[in-house]
Amino acid sequence: GVNWSASVIPGTALNYVCPSRPAYGAGRYIIIGSKAADWADYYDPATHIAYLYTSTNGVDWAQATSNLNQVIGSFKHYAWVPGSSGIHFSARLQKFITAFWGNGAVATSPDGLNWTRVATLDVSVSGSAYSEMYGVSVSGAEIAFIETPTKILMKLGVRIYQTTDGVNWTLLWTEPNIIGYR
């Protein structure tokens, strides 16, 4: 934790758009997100695809072959916002959980390579203070997970959901419809 070095993730220099923080489980580190095929398409969510990079040591990374794009489906909305994809490994459930704010997709995987879409959650921002902004802030779109001994909480855009099994999600909170709410 004192000395650090940089790692290069191959193929991400020009089209790396929305990385998650790395998650570790099932013997591998995973970074997941969405990217455009061409930098000129950065602001066009219709061109985005899901991607997955893995590493066994946190230093050497490679793009993984998986069924993630088929499971996640097409993006819409602000799929390009940095932090708008997230990943978590649940030690209790022994599976990875990923979510994409761009289309509300939630998927799980036992190994980080074979995914099953388990839910499509509401990611709309209509009527909230959040939608009054011209752009979308990173903190507003960012996905975060917190796991307790009995449940997993997930912040997805302007909403907080909970699950006990990684499949069934319950809405706990949404941003109030107040202009200027922070």
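The legends below describe several close-up views of a predicted model.

**Figure 1. Overview of the predicted model and its secondary structure.** The protein has 182 residues, of which 45% are buried. Its secondary structure comes to 2 helices and 13 strands. Among contacts with a sequence separation of 6 or more, 53% are between residues that stand 24 or more positions apart.

**Figure 2. The second largest pocket and the residues that line it.** The volume of this pocket is about 190 Å³. Its lining is formed by Trp-4, Ser-5, Ser-7, Ile-9, Pro-22, Ile-31, Gly-58, Val-59 and Trp-61. Sorted by residue type, the lining of the second largest pocket holds 6 nonpolar and 3 polar residues, while no charged residue takes part.

**Figure 3. The salt bridge between Glu-147 and Arg-92.** A search of the whole structure finds 2 salt bridges, and in the one shown here the closest N and O atoms of Glu-147 and Arg-92 are 3.8 Å apart. The pair links distant parts of the chain, given that Glu-147 belongs to strand E10 (residues 144–147) and Arg-92 to the loop between strand E6 (85–90) and strand E7 (95–100), with their positions 55 residues apart in sequence. Glu-147 has a relative accessible area of 27% and is therefore classed as partly exposed. Arg-92, with a relative accessible area of 36%, is likewise partly exposed.

**Figure 4. The salt bridge between Arg-159 and Asp-122.** In this pair the closest N and O atoms lie 3.3 Å apart. Here too the pair links distant parts of the chain, with Arg-159 in strand E12 (residues 159–163) and Asp-122 in the loop between strand E9 (116–120) and helix H2 (138–141), the two being 37 residues apart. Arg-159 counts as buried because its relative accessibility is 11%, which is under the 20% limit for that class. Asp-122, at 39% relative accessibility, counts as partly exposed.

**Figure 5. Two of the aromatic pairs: Tyr-24 with Tyr-29, and Phe-89 with Phe-96.** The whole structure contains 3 aromatic pairs. The ring centres of Tyr-24 and Tyr-29 are 4.6 Å apart and the ring planes meet at 50°, so this pair is described as tilted. Tyr-24 is partly exposed, with a relative accessible area of 46%, and Tyr-29 is partly exposed as well, with a relative accessible area of 29%. For Phe-89 and Phe-96 the ring centres are 4.8 Å apart and the planes stand at 65°, so the arrangement is edge-to-face; an angle over 60 degrees is what places a pair in that class. Both Phe-89 and Phe-96 are buried.

**Figure 6. The surroundings of Ser-20.** Ser-20 is placed in the loop between strand E1 (16–19) and strand E2 (23–25). Although it belongs to a loop, Ser-20 is buried, with a relative accessible area of 7%. When residues up to four places away in sequence are not counted, Ser-20 touches Ile-31, Ile-32, Ser-85, Gly-86 and Ile-87. One of these contacts, Ile-31, is also part of the lining of the second largest pocket.

**Figure 7. Thr-116 and its contacts.** Thr-116 is found in strand E9 and is partly exposed, with a relative accessible area of 47%. Apart from neighbours within four places in sequence, Thr-116 is in contact with Val-71, Val-106, Ala-107 and Thr-108. For Thr-116 and Val-71, the C-alpha to C-alpha distance is 6.3 Å, while the two residues are 45 residues apart in sequence.

**Figure 8. Two residues with a positive phi, Ala-26 and Gln-94.** Ala-26 is not a glycine, yet its phi is positive, at about 50°. Ala-26 is found in the loop between E2 and strand E3 (28–36), where it counts as partly exposed at 44% relative accessibility. Gln-94, which is not a glycine either, has a positive phi of about 55°. Gln-94 has its place in the loop between E6 and E7, and with a relative accessible area of 49% it is partly exposed. The loop between strand E6 and strand E7 also holds Arg-92, the partner of Glu-147 in the salt bridge of Figure 3.

Methods: Residues are numbered from 1 along each chain as its sequence is written. This is a predicted model: local features need pLDDT of at least 70, side-chain atom pairs count only at pLDDT 80 or more; totals for chains, interfaces and linings use all residues. Side-chain values use heavy atoms; hydrogens and water are left out. On a 1 Å grid over the protein atoms alone, a cavity is a set of points where a 1.4 Å probe fits but cannot get out, and a pocket is an open set with protein on both sides within 12 Å along at least five of seven lines; lining residues have an atom within 4 Å of a point. Grid points are joined across faces, edges and corners, and a volume is the space filled by probe spheres set on the points. Ala, Val, Leu, Ile, Met, Phe, Trp, Tyr, Cys and Pro count as nonpolar, Asp, Glu, Lys and Arg as charged, and the others, Gly among them, as polar. A salt bridge is a side-chain nitrogen of Lys or Arg within 4 Å of a carboxyl oxygen of Asp or Glu. Helices (H or I, at least four residues) and strands (E, at least two) are DSSP runs, numbered from the N terminus. Buried means under 20% relative accessible area, exposed over 50%, partly exposed in between (1.4 Å probe, protein chains only). Rings of Phe, Tyr and Trp (its six-membered ring) pair if their centres lie within 6.5 Å; planes under 30 degrees apart count as stacked, over 60 as edge-to-face and the rest as tilted. Contact means heavy atoms within 4.5 Å.
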